[in-house]
Structure formats: structure tokens, C-alpha cells
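Visitor: Please take me through one part of this model at close range. I would like to hear about a single strand and its partners.

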Amino acid sequence: MAKKNYTIGVVQLNLDNSPEENRKKCLHWVEKAANSGVEVVCLPELYSSHYFCQSEDVGNFSLAEPLGDISFTAFSEVAKALNVAIIVPFFEKRMPGIYHNSAYIIDSDGSRAGLYRKMHIPDDPHFYEKFYFTPGDLGFQSVETKKGNIGTLICWDQWYPEAARLTAMKGADVLFYPTAIGWHPFEKEQYGQNQYGAWMNVMKGHAVANGIYVAAANRIGLEKYLPNTDGIEFWGQSFICGPQGEILAMASADKEELLIAEVDLALQENVRQNWPFFRDRRIDAFHDLTKRFIE
């Protein structure tokens, strides 16, 4: 497959508790992206519902779907019709008792080019993901599509340089991060700016360290659906950056938006030639990275 530049997009959305309405909204934004020249578009994490991990409730398992269900068929159809590749993050039911936070990589011909299952699963106040999700078992991947080589990680994976490195080493041109991250309203004033800054800075660091494009698609809005809680205020501010961490597109904190940027493969190669971090890695000295702690 010939290597050529291609245009990527991330969609930043407010999502509610209606899978059908969320799906319609996302399909609309995918169409808008394709009509704007986007060739690979990414939706936010767990697109089909509100962020249900704010509580531990077995009733939420009813939101999950098996492989090949509506999230695949609906977006496969539109991918083929619009000649666009789509990253579709969804709640996967593998079998009763085993569920994953997953993402389809659907190629522009409507086929399933890849499947990623979130590897790192958080457990923080109102981010109770360990209750719902089994850690991924498909590893870190670069998926070859008709548009380009796509790496997909999901939200909490954002904090791990090893995940970014291994995905880049597999040949990805761009790292997509479907995301659902925000503030606890009561701590936003004291910690909010530092939390948001850390989130952006760590991903820009992945871009620099790997000479790779990075694109994060977040939610917006206050999701307050549980009684006696303040909910989560998703901070939006989705972005796309280039292989030196340079911001190419940046979204607001509170509007639904489409961000667009070009993956320039010649620029990426030039950056890696001048900053040859892959060449200079001391792989002979990294064996301790497989340990939890070095005694």
C-alpha cells in the first residue's frame, strides 16, 4: 500500500443516555467530517451512552453489545458510503461476565481493519472502570487501513509511555486516544488546571518521544445523572498535535466540534531523522521495564 499524506479528524461531543440518539449524532458528525475532507475520524470513548462508570451498577451491563452488533453495522455502512475510516469506541460484551472497553477500527471499505481493547483500566472516584472492564488482551497495535497506519489507545492508556512507544514501534503514523476525562466539580478550582495540563502534556510528550502524530477526542458537558453527587464535568479541549508536540488543532472546553489536521509523512520522517530517538534507544538496558518495582 502506497504511503501518502492523509487527513485525520477527531469529534468532540456531548453524549447522553440514549444509545440511538448518540449513534445518530455520531453518524452525523462522521458525515460532516467526510464532507470536510477527513479520511480517518475518531469518536470519543464509549460513544453510545453517558459515562456510566460513575457508579458500580450491574444494570449498566445492559449497555454492552457483542462484536458485530449495531455499533459495527451502522458505522461500517457509513464508512463504505463515505470512503472514510472510523474509530468507534464501544462497550463490548465478550461473554456474560467478561466485558471490554473497546474500539473498532473500521476501514473505508466498511471492513473491520482492527479491534483494540483498552489495556489500562482505572479505578478512581466516579471512574469505577475496574467494575465493568476486563483488561485488554490484544496488545498494542498499528492497524493498516486504506488511508494510513492507525494506532488506537483509549483514555487511561494516555498516561503510559510504554503503550505509546510500543504502538509507534508497530508502525503507526498517528496515535488516536478516544477519551472521557473531566473534573470533579468540587475540586476543579484547586486542581483543575494542573490536571488538564498534565493530560495534555503527557500526550504531547508521547508525540515528541516517538515522532508521531497524536489526536485526542474528548467529551464535553456536565454528566450528573446520579442522586447526591456532583457528577463529572468533562473538560473537552480535544486536540491534534504533530511529531514535535506542536498543536495543529485545538477544541474549546464546552462546544461540540470537529478538529482536522494532515498527517504529513515526509515531515514525520524528517523529524525522526533529526531527532533519532529510536536509533539511540538502549534496548540492551531496558529489561527491568517488565518489572513492577526494582528492588
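Guide: Start at glycine 9. Its bridge partner is valine 41, which sits in S2. That contact belongs to a wider match in this predicted model. Strand S1 pairs with strand S2, residues 40–42, in the parallel sense over three bridges. Between the two comes a helix. S1, helix H1 (residues 19–35) and S2 make a β-α-β unit, and the unit is right-handed.

Now the other pairing. S1 also pairs with strand S15, residues 257–263. Here the sense is antiparallel, and the match runs over seven bridges. Take valine 11 as a marker: its bridge partner in S15 is leucine 258. Strands of a sheet pair through backbone hydrogen bonds, either parallel or antiparallel. S1 does both: parallel with S2, antiparallel with S15.

Next, the side chains and cover. S1 spans residues 6–12, and seven of its seven residues are buried. Tyr6, Ile8, Val10 and Gln12 point one way from the strand. Thr7, Gly9 and Val11 point the other way. Both sets are buried. So Gly9, the bridge partner of valine 41, and Val11, the bridge partner of leucine 258, share one direction, and both are buried under the 20% relative accessible area cut-off.

To sum up S1: it is mostly covered, it pairs with S2 over three bridges, and it pairs with S15 over seven.

Methods
Residues are numbered from 1 along each chain as its sequence is written. This is a predicted model: local features need pLDDT of at least 70, side-chain atom pairs count only at pLDDT 80 or more; totals for chains, interfaces and linings use all residues. Side-chain values use heavy atoms; hydrogens and water are left out. Buried means under 20% relative accessible area, exposed over 50%, partly exposed in between (1.4 Å probe, protein chains only). Helices (H or I, at least four residues) and strands (E, at least two) are DSSP runs, numbered from the N terminus. Two strands pair if DSSP finds at least two bridges between them. A crossover is right-handed if, with the strands pointing away from the viewer, the path from the first strand over the helix to the second runs clockwise.
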